[in-house]
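Student: I have a model open and want to work through it with you. Where should we begin?

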Amino acid sequence: MATDANQQAQLAMVLGSDTAPFETLISHLMSSSNEQRSSAEALFNLAKQTNPDTLALKLAHLLQLSPHPEGRAMAAVLLRKLLTRDDAYLWPRLSLPTQSSLKSSMMSCIQREEAKSISKKICDTVSELASGILPENGWPELLPFVFQCVASDSSKLQESAFLILAQLSQYVGETLTPHIKHLHGVFLQCLSSNAVSSDVKIAALNAVISFVQCLSNSTERDRFQDVLPAMIRTLTESLNNGNEATAQEALELFIELAGTEPRFLRRQLVDIVASMLQIAEAESLEESTRHLAVEFLVTLAEARERAPGMVRKLPQFIDRLFAALMKMLEDIEDDPAWYSAETEDEDAGETSNYSMGQECLDRLAIALGGNTIVPVAYQQFSAYLVASEWQKHHASLIALAQIAEGCSKVMIKNLEQVVSMILSQFQSPHPRVRWAAINAIGQLSTDLGPDLQNQHHQRVLPALAAAMDDIQNPRVQAHAASAVLNFSENCTPEILAPYLDGIRSSAEALFNLAKQTNPDTLALKLAHLLQLSPHPEGRAMAAVLLRKLLTRDDAYLWPRLSLPTQSSLKSSMMSCIQREEAKSISKKICDTVSELASGILPENGWPELLPFVFQCVSSDSSKLQESAFLILAQLSQYVGETLTPHIKHLHGVFLQCLSSNAVSSDVKIAALNAVISFVQCLSNSTERDRFQDVLPAMIRTLTESLNNGNEATAQEALELFIELAGTEPRFLRRQLVDIVASMLQIAEAESLEESTRHLAVEFLVTLAEARERAPGMVRKLPQFIDRLFAALMKMLGDIEDDPAWYSAETEDEDAGETGNYSMGQECLDRLAIALGGNTIVPVAYQQFSAYLVASEWQKHHASLIALAQIAEGCSKVMIKNLEQVVSMILSQFQSPHPRVRWAAINAIGQLSTDLGPDLQNQHHQRVLPALAAAMDDIQNPRVQVRSLLNLFI
């Protein structure tokens, strides 16, 4: 109570007439101190709940009058969050005077603000708010104000106005279409004027492109055709004035237009393509500028569905673009280390030009096909392959590999020419050219197989075998071996048989002989290779082979090795953990160490290992820390009992690592894996409970990853928490409210990736399913069932309306269902089975009631699918409410949307199994006539078939 009173007192001071405490609160929200920031967030959230009007007005006052730019910027961001349609949407809770004052303040701020970055944030806030209230005429003053800004003499106001128009076009374009004539004049005048600044012109270009995209028919879009020349001039003038940053912004906007509305460009196509080709070819321009021009041209070529054949007939378009991409492929540096594979990356020496050329050739070939690309390509390859520069030979071979997928049908007809072109380069004096020739064979083995294999195996396989003997160039050798594997995938055994001995047998025979006759020498050689080889692929293979030899299986060599060899191997592997820089190889070494240790650690066969691991954990090297935690995680799984004597030390290690701000996210994930594996291996709850104080830091590892925008790390953490929820749910009980609240927040956050949200849902459902290990643990959590059920219902609403579904033209009756939809279905079924009808049914019926009166067909469909999914787990309770259930379903048999009717019929079918025979005995006189009537729905065969099937269930 004292804390509440203290907070209320703080709040009163912050929201009082003195502005200083409020400004302090805002500055604390930006603090690097977690404690200071958390305290400020709690106070801010309290103000949001209890004093929304005062809070909003305070923020507007700060935005308008604060002398501190960072304070104004933060005020704009916070206002945007409060006034955006999401869970924190405050606008409907504000009084009319407050709403009016905020609208006036924000328009005033646009006029007053001098800092460009803050002005943009204000425009974002205005646009977000307007998108929610403009369609209902909730801000009648805004558009007149925007048009007034456009017509002003102030470049700042003009730019702000165009920023708002661009965003409104994206959010609520229909509110702007009544002003189409006025907007046309505004855009034309601005983009044609010599008196307007480049920043304003870019903003206007953004606005006109956004507006054109929001127009629903080509007639309306064509009204803006006369603006297009001025749009193009905005780009060319920027380049002529040496303003490449502005030109790059313009290019990005044109790329967007080419991808969404390519037909809008058709009347000016010759001019715009000529300009873009000129930019792409201009070596005096920045690389990034030329790349954007190329991206525009390739995007335009890819728009074949929206504008079929539009670019094919342009004079010299393909020739010049292909030539520009070939020139990019020439931009490769000759890195001597590459030849002996001393660098891990086999792309060493490749530039961004080279990468852009590769990607775009692939896309261009797929977009335009072989009939268009191959004649141009072969003509240019012929010139390149007689040049003296090795880079041109290399470029031709790389380009050939890149276009193979898109041009396969045409290239197969000229296979003799293609193979001869490549094999001629196997004799090149330059290793990178030989590598590129081998690479081309490998790629064509996939794209032109099995024709390549059937027709040319007698030429290709001997050439690859010879390349495998290129001992001076390990990179070429390794790539030849990979190409043999690629080639072999599309080969019949009959084709391969004559060549296998020459390619494979010698290596295997030598290895097996060494295993039988010289195990010590073989093991030491592998350890030496692992420790000192400059070739990453060699070290990786050595780690894999050592693991096979030292793992308890048929090939287990360890007992046959001499004690000095055993001692040397253990030292070598610990040394390799310290030396190895490649993460993937380091992980293989850790796997080998853990596998070996699991066999010898219980008998004290490696007393140096755990002290070494603990030393790595406490080092300053993230790489060593991560390796140590990987080993601890695996040892916990294999021989956890050998670690329990160190439980106190491990507790401190895990707590320190997961609580530290100085530790990298990769190390924290490895530590999280290790602590979860260790907790799982502990045999009693007393030992597990010693780690309860580590749990908050474990949860923070997840939430910090999300706050830092690192979803890949967060997904790894979520997978580990799912494993913990499934095996040791009771370990979570003391932090259950916090962890469930975090997971619900993730599951509901539409800004996150779908896969991240699915993992949070999977955790919550797994926790609900853990009723045997933790009975009733989740049932009493506040709002747990309501919010999780609501999240799953929202997922079920994510279904695409595929017209082909109606007439059963697609085989799959799940057509249009998304990953969200499937996840929602599966989890509702599992949740109902886990928690039962007494828990689920009241929540479900409450949410169904709201969904079934909504206007969107997807909500009706979602309710019926959900009803069918929960029927098995909730059958006993639903049978008691059978009248209500049947009425709910049958009411949807009359829905105007076929997918809703299908879902209603599907629900009857499911309930016939899960609630039968009660359903049949009590309601046959209502259900059977409804199904019979549905069988007459000749407009929707899918509905007919489903009703017929359910008639016989």
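Tutor: Start with the aromatic rings, and keep in mind that this is a predicted model. Ring pairs join several phenylalanines into a cluster, whose members are Phe162, Phe187, Phe211 and Phe224.

Student: How many aromatic pairs does the structure hold?

Tutor: A pair needs ring centres within 6.5 Å. By that test, the number of aromatic pairs in the structure is 14.

Student: Take Phe254 and Phe296. Is the pair stacked or edge-to-face?

Tutor: The ring centres of Phe254 and Phe296 are 6.5 Å apart. Their planes meet at 90°, and edge-to-face needs over 60 degrees. So the pair Phe254 and Phe296 is edge-to-face.

Student: Which helices hold Phe254 and Phe296?

Tutor: The pair ties together parts that are 42 residues apart in sequence, because each ring sits in its own helix. Phe254 is in α14 (residues 244-260) and Phe296 is in α16 (residues 287-302). The helices are α14 and α16.

Student: Is Phe254 buried or exposed?

Tutor: Buried means under 20% relative accessible area. Phe254 has 0%, so Phe254 is buried. Phe296, at 0% relative accessibility, is likewise buried.

Student: Now Phe721 and Phe763. What is the geometry of that pair?

Tutor: The centres of the Phe721 and Phe763 rings are 6.4 Å apart. Their planes stand at 90°. That makes the pair edge-to-face.

Student: How many residues apart in sequence are the parts that Phe721 and Phe763 tie together?

Tutor: Phe721 belongs to helix α37 (residues 711-727), and Phe763 to helix α39 (residues 754-769). Phe721 is buried at 0% relative accessibility, and Phe763 is buried at 0% too. The sequence separation of the tied parts is 42 residues.

Student: What span should helix α23 have, and what is its end-to-end distance?

Tutor: Helix α23 covers residues 431-447, which is 17 residues. At 1.5 Å a residue, the expected span is 24 Å. The end C-alpha atoms agree with that, at 24 Å.

Student: Is α23 largely enclosed or largely open?

Tutor: Count the buried residues. They number 14 of the 17 in α23. So, with respect to the rest of the structure, α23 is largely enclosed.

Student: How many disulfides does the structure hold?

Tutor: A disulfide needs two cysteine sulfur atoms within 2.5 Å. For Cys616, the nearest cysteine sulfur is that of Cys590, 8.7 Å away. For Cys874, the nearest is that of Cys827, 15 Å away. The number of disulfides in the structure is zero.

Student: Is Cys616 buried or exposed?

Tutor: The relative accessibility of Cys616 is 4%, so Cys616 counts as buried. Cys874, with a relative accessible area of 1%, is also buried.

Student: Which residues does UniProt list for "repeat: HEAT"?

Tutor: The UniProt entry is unreviewed. In the model, residues 418-456 are 74% helix and 0% strand, with end C-alpha atoms 11 Å apart. Residues 885-923 are 74% helix and 0% strand, with an end distance of 11 Å. The listed residues are 418-456 and 885-923.

Student: How many helices and strands does the chain have?

Tutor: The chain has 953 residues, of which 55% are buried. Its C-alpha atoms fill a box of roughly 90 × 75 × 75 Å along the principal axes. The count is 49 helices and zero strands.

Technical notes
Residues are numbered from 1 along each chain as its sequence is written. This is a predicted model: local features need pLDDT of at least 70, side-chain atom pairs count only at pLDDT 80 or more; totals for chains, interfaces and linings use all residues. Side-chain values use heavy atoms; hydrogens and water are left out. Helices (H or I, at least four residues) and strands (E, at least two) are DSSP runs, numbered from the N terminus. The expected span of a helix is 1.5 Å times one less than its number of residues. Buried means under 20% relative accessible area, exposed over 50%, partly exposed in between (1.4 Å probe, protein chains only). UniProt positions are given in the numbering used here, feature names are shortened, and annotations may be inferred rather than shown by experiment. Rings of Phe, Tyr and Trp (its six-membered ring) pair if their centres lie within 6.5 Å; planes under 30 degrees apart count as stacked, over 60 as edge-to-face and the rest as tilted.
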